[in-house]
Amino acid sequence: MGPRQLSTHLKFIEESALAGALPGPAELADFWRAAAAVYRQLELSEPGAADDPAIRPLPRAIEAHVTRLMEQPAFRNTFNTVPVAFGMVELDKMIVSQYSITRSVVERLRARHALRPTPKQLAEICLPIAPADDDCRLAYRDEGEFVFVSAAHDMRFLAATLVDPADIKGLTVQGHAKAVIALSLGFSTNVLNVVRFGNRVVLNNGHHRAHALRAMGLTHVPCVIQVCASHDELRQAASSEICDNSDLYYESPRPPLLRDFDRPDLACALTSARLQRQVRVRFKFESRQLAI
């Protein structure tokens with residue numbers, strides 16, 4: 001897509017595409033130049049295309065679902081720094097902060113929800129309450145190191161927490177534990193989430209679902225909306241990609257939009273290897289005598 005730098009475009013494709021499926025560097029550079037020219041034209045012909053997206057109230061049928069979602073500790077702990085709202089956000093004015101979509105994931109979503117979803121089904125897709133039933137398995141361990149893998153790319157390190165040993169059932173150690181440090185891995189709340197700043201919204205999480213639902217003919221989808229009034233709040237709510245390029249997303253005449261993924265003059269399709277997420281956790285300790 002146009003806004004991406006040529007060097008970043010080439011590196012991403014080189015790292016992602018399968019051997020034998022990779023076009024030559026000259027062909028890739030030619031595509032980027034053509035897409036960049038299209039994008040520059042869009043900045044002239046569609047200024048303000050992302051401004052003032054229509055945000056409708058949620059259907060009454062899903063109000064109870066949203067109430068249950070807000071009661072979940074995982075949700076409260078995730079969305080606890082800036083004001084949060086809920087609404088049906090317009091897809092065609094939704095700005096994207098992710099530059100790639102995995103087609104197989106989109107196709108699975110469309111196959112799973114072939115019929116037009118009801119409001120309650122749409123809430124379960126966009127605002128899930130239960131965690132996803134994704135694998136997260138220990139692949140390797142050594143002293144001071146644990147390696148986990150998952151087919152779900154959402155797996156991540158969540159937090160380091162001090163825990164009372166009395167709260168851990170079946171804890172067995174060589175001695176009498178007085179403190180336990182829990183290193184938590186797992187998955188995010190994974191709700192469809194946009195960050196609103198000024199008169200624009202940028203998709204912060206849920207690119208594949210948003211793309212699939214738009215392909216199914218939907219125009220508005222339920223989202224968690226983090227409402228930011230300053231750059232300080234933006235840094236609390238948004239991904240590093242959004243924060244590092246906030247001028248592009250919130251101030252440029254025509255930022256990258258979700259609908260751009262459907263334009264062959266802006267997005268290229270490549271065959272890539274099947275990937276899995278790996279999270280490596282290392283820890284070390286030091287013990288010494290200190291004068292008091």
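The following exchange takes up helix packing, enclosed and open space, and backbone angles in a predicted model.

User: Why is the packing of α1 against α2 called oblique?

Analyst: Helix α1 (residues 6-16) and helix α2 (residues 25-45) pack at an angle of about 130 degrees, with 10 Å between their axes. Angles of 65 to 115 degrees count as roughly perpendicular and those over 145 as roughly antiparallel, with the rest oblique above 35 degrees, so α1 is oblique to α2. The crossing itself, in which α1 passes α2, is right-handed.

User: How do you know that α1 meets α2, and which residues take part?

Analyst: Contact is taken as heavy atoms within 4.5 Å, and by that criterion Leu6, His9, Leu10 and Ile13 of α1 meet Pro25, Leu28, Ala29, Phe31 and Trp32 of α2. Divided by class, this contact has eight nonpolar residues, one polar residue and no charged residues. His9 is in the contact, and histidine falls outside the lists of nonpolar and charged types, so it counts as polar.

User: What makes α5 oblique to α7?

Analyst: The axes of helix α5 (residues 103-112) and helix α7 (residues 207-215) come within 9 Å and cross at roughly 55 degrees. Since angles under 35 degrees count as roughly parallel and those of 65 to 115 as roughly perpendicular, the crossing makes α5 oblique to α7. The handedness of this crossing is right-handed.

User: Which residues form the contact of α5 with α7, and how do they divide by class?

Analyst: From α5 come Val105, Val106, Leu109 and Arg110, which meet His208, Arg209, His211, Ala212 and Ala215 in α7. By class the contact has five nonpolar, two polar and two charged residues. Arg110 and Arg209 are in this contact, and because arginine is among the types counted as charged, both belong to that class.

User: What makes the enclosed space a cavity, and how many of 30 Å³ or more are there?

Analyst: A space is called a cavity where a 1.4 Å probe fits but cannot get out, and the structure holds one such cavity of 30 Å³ or more. The largest cavity has about 30 Å³ of space. Its lining consists of Leu109, His113, Ile125, Arg209, Ala212, Leu213 and Met216, which divide into five nonpolar, one polar and one charged. Helix α7 gives the most to this lining, with three residues.

User: Where does the lining of the second largest pocket come from, and how is it made up?

Analyst: This pocket has about 300 Å³ of space, and the elements that give two or more residues to its lining are β4 (137-142), β5 (145-150) and β7 (180-186). Strand β7 gives the most, with three residues. Among the lining residues are Cys136, Arg141, Asp142, Glu143, Gly144 and Phe283, and the lining as a whole divides into eight nonpolar, one polar and three charged. Gly144 is in the lining, and it counts as polar because glycine is placed in that class.

User: Why are Asp52 and Asn190 singled out for their phi values?

Analyst: Most residues other than glycine have a negative phi. Asp52, which is not a glycine, has a positive phi of about 50 degrees, and Asn190, also a residue other than glycine, has a positive phi near 55 degrees. Asp52 lies in the loop between α2 and β1 (55-56), while Asn190 has its place in the loop between β7 and β8 (193-197).

Note on methods:
Residues numbered from 1 in each chain as written. Predicted model: local features only at pLDDT ≥ 70, side-chain atom pairs only at ≥ 80, totals over all residues. Heavy atoms only, no water. 1 Å grid on protein atoms, 1.4 Å probe; cavity = no way out; pocket = protein on both sides within 12 Å on 5 of 7 lines; lining within 4 Å. Points joined across faces, edges and corners; volume = space filled by probe spheres on them. Helix = DSSP H or I, 4+ residues; strand = E, 2+ residues; numbered from the N terminus. Axes fitted to C-alpha atoms, helices over the stretch in contact; angles between N-to-C directions. Left-handed = near helix turned anticlockwise from the far one by under 90°.
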